[in-house]
Amino acid sequence: MRFSDLTARIAGEGTDAWIVHDLAVARQLRGDDVILLSIGDPDFDTPRPIRDAAIAALDAGRTHYAPIGGEPRLRDAIAAHEARTLGIPVDPACVTIFPGAQAALYAVAQCLVNPGDEVIALDPAYVTYEPVFQAPGATLVTVPLRPEHRFHVEPDVVARAITPRTRGIILNFPHNPTGAGLTGAEAAGIAALCRAHDLWCISDEVYASLTFDEPHVSVLVQPGMRERGILVSSLSKSHAMTGWRCGWAVTPPALARHLDHLARAMFFGVAQFVQDAAAVALAAHSPDLEHIRASYVQRARTMVAGLAHAPGRPGSRAARAHRCTLLQTASRPAWRDAWCAPDDAMRPPAQRPGASVRFPPSTIRPPFP
Ligand SMILES: Cc1ncc(COP(=O)(O)O)c(C=O)c1O
């Protein structure tokens, strides 16, 4: 039997990333003492008030089809949440709800690019960007984030990657995996490129609430972003809700209409009880969230401090300002071996380079969520 060409475009490294995770989970289920570091899944339970809201919604019969683009209550809550985060007004009509940021990214790519188009991403990059943009036939063109530049984006380097086929740039700040943030000047530089070359700017901000020492800066507040900027986010990391599958895209109204059509064709809306709980998650500030966040800060500091004093200390370029670190192990193979299990032998800790992100050679990321 024959399959579509799409099946080849969505396979590859992005899919392989889950293999190590699945192996590790299988070993855990067999009772092996495996520490899972492979996927960015918080080890905290979703806070109790959010779980209670879902239970109450189920008991109230909220088990039917939801409006395709999202429940009005949740779209209002997301618009208010993003308006607070960005510091600009956000219209609920521009919000479309998806089963996670991942689905939002996929849908956005389907509605923006054609075969032969190019999209610029920053390397190292969250590994599923490649299949997401390859699915509709586009090519992901990567621009390096250089360690000597603290993994910050350099708009002049991005500019050199723009061709007549470029349709957009995808940013992800706070950045997975380096932890780097965005400065106002960098955001202005990227926005200027998007205006000058008529490009879409997709901003994946799933880690926006997990900046530690510096405030979150979004490219979407820059001039011109109202008509070409796309915000993708979710509750997965911020509220320890990975398994609930609840994310969103905030887009110009015309794109929101196309996304609604795609959602209609593809998944027919996110479960009502999930959306009710998500609205509670965004409206009520649970002390559990502060506890989760404080734990991440503590873990990051412990890791950075521990590495600083470790014997045979690796060339650590820890981006302390944000949520995680990237370690350079080029000159320290022993460190790499200690942290990275071979694909076929999952021994704790279950981490390998490239488990959920595309890594530069000789680096590993001790993962936070
Ligand atoms: C940068 C980035 N974007 C998107 C996602 C997908 O998140 P979600 O669970 O909301 O689909 C992840 C998950 O690890 C991520 O790291």
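Two strands pair if DSSP finds at least two bridges between them. In this predicted model, strand β1 (95–98) is joined to β7 by 4 bridges, and the two strands run antiparallel. Within this pairing, the bridge partner of I97 is W248 in β7. The side chains of β1 alternate in direction: V95 and I97 point one way, whereas T96 and F98 point the other way, and all of these residues are buried.

The protein chain contains 13 helices and 10 strands. Of its 369 residues, 46% count as buried. Contacts between residues at least 6 apart in sequence were also examined by separation, and 73% of them join residues at least 24 apart.

A parallel pairing is found between β2 (118–123) and strand β3 (residues 139–144), with 6 bridges joining the two. In this pairing V119 of the chain stands opposite L140 in β3. The connection from β2 to β3 passes through α6, and this β-α-β crossover is right-handed. Helix α6 spans residues 129–134, and the loop between β2 and α6 holds P124. The peptide bond leading from D123 to P124 is cis, with omega near 10°.

A second cis peptide bond runs from F173 to P174, with omega near -5°. P174 is likewise placed in a loop, here the one between β4 (166–171) and α8 (184–196).

The largest nonpolar core has 87 residues, and those with the most contacts inside it are A104, V108, I190, C201, A249 and A277. Helix α5 (residues 101–112) contributes the largest share of this core, 10 residues. For A104, the contacts beyond four places in sequence are with F98, V232, G247, W248 and A249. Among these partners, F98 is a buried residue of β1, and W248 is the bridge partner of I97. A249, another partner of A104, is itself one of the core residues with the most contacts.

The ligand is surrounded by 14 residues, of which G100, A101, Q102, S234 and S236 come nearest. By residue class, this shell divides into 3 nonpolar, 10 polar and 1 charged. A101, one of the nearest residues, falls within the range of helix α5 (residues 101–112). S234, also among the nearest, falls within the range of β6 (229–234).

Positive phi values occur at two residues described here that are not glycine. R245 has a phi of about 55° and is located in the loop between β6 (229–234) and β7 (247–250). With 19 other C-beta atoms within 10 Å, R245 is partly exposed, because a residue counts as buried at 20 or more such atoms and as exposed at 12 or fewer. F268 has a phi near 65° and is placed in the loop between α10 (253–266) and α11 (272–283). F268 is exposed, because 10 other C-beta atoms lie within 10 Å.

Several further positions were examined for their surroundings and for their separation from residues remote in sequence. G87 lies in the loop between α4 (72–86) and β1 (95–98). The count of other C-beta atoms within 10 Å of G87 is 9, so this residue is exposed. The C-alpha atom of G87 is separated by 7.9 Å from that of V221, although the two residues are 134 residues apart along the chain.

A254 is part of helix α10, which covers residues 253–266. A254 is also exposed, as 10 other C-beta atoms lie within 10 Å. The C-alpha atoms of A254 and E227 are separated by 9.3 Å, and these residues are 27 residues apart along the chain.

G40, by contrast, counts as buried, because it has 22 C-beta neighbours inside 10 Å. G40 is found in the loop between α2 (13–29) and α3 (48–59). Its C-alpha atom is separated by 8.9 Å from that of T242, and the two residues are 202 residues apart along the chain.

Key
Residues are numbered from 1 along each chain as its sequence is written. This is a predicted model: local features need pLDDT of at least 70, side-chain atom pairs count only at pLDDT 80 or more; totals for chains, interfaces and linings use all residues. A residue is near a molecule or strand if its C-beta atom, placed from the backbone, lies within 6 Å of it. Ala, Val, Leu, Ile, Met, Phe, Trp, Tyr, Cys and Pro count as nonpolar, Asp, Glu, Lys and Arg as charged, and the others, Gly among them, as polar. A nonpolar core is a set of buried Ala, Val, Leu, Ile, Met, Phe, Trp, Tyr and Cys residues joined through C-beta atoms within 7 Å. Two residues are in contact if their C-beta atoms, placed from the backbone, lie within 7 Å. A crossover is right-handed if, with the strands pointing away from the viewer, the path from the first strand over the helix to the second runs clockwise.
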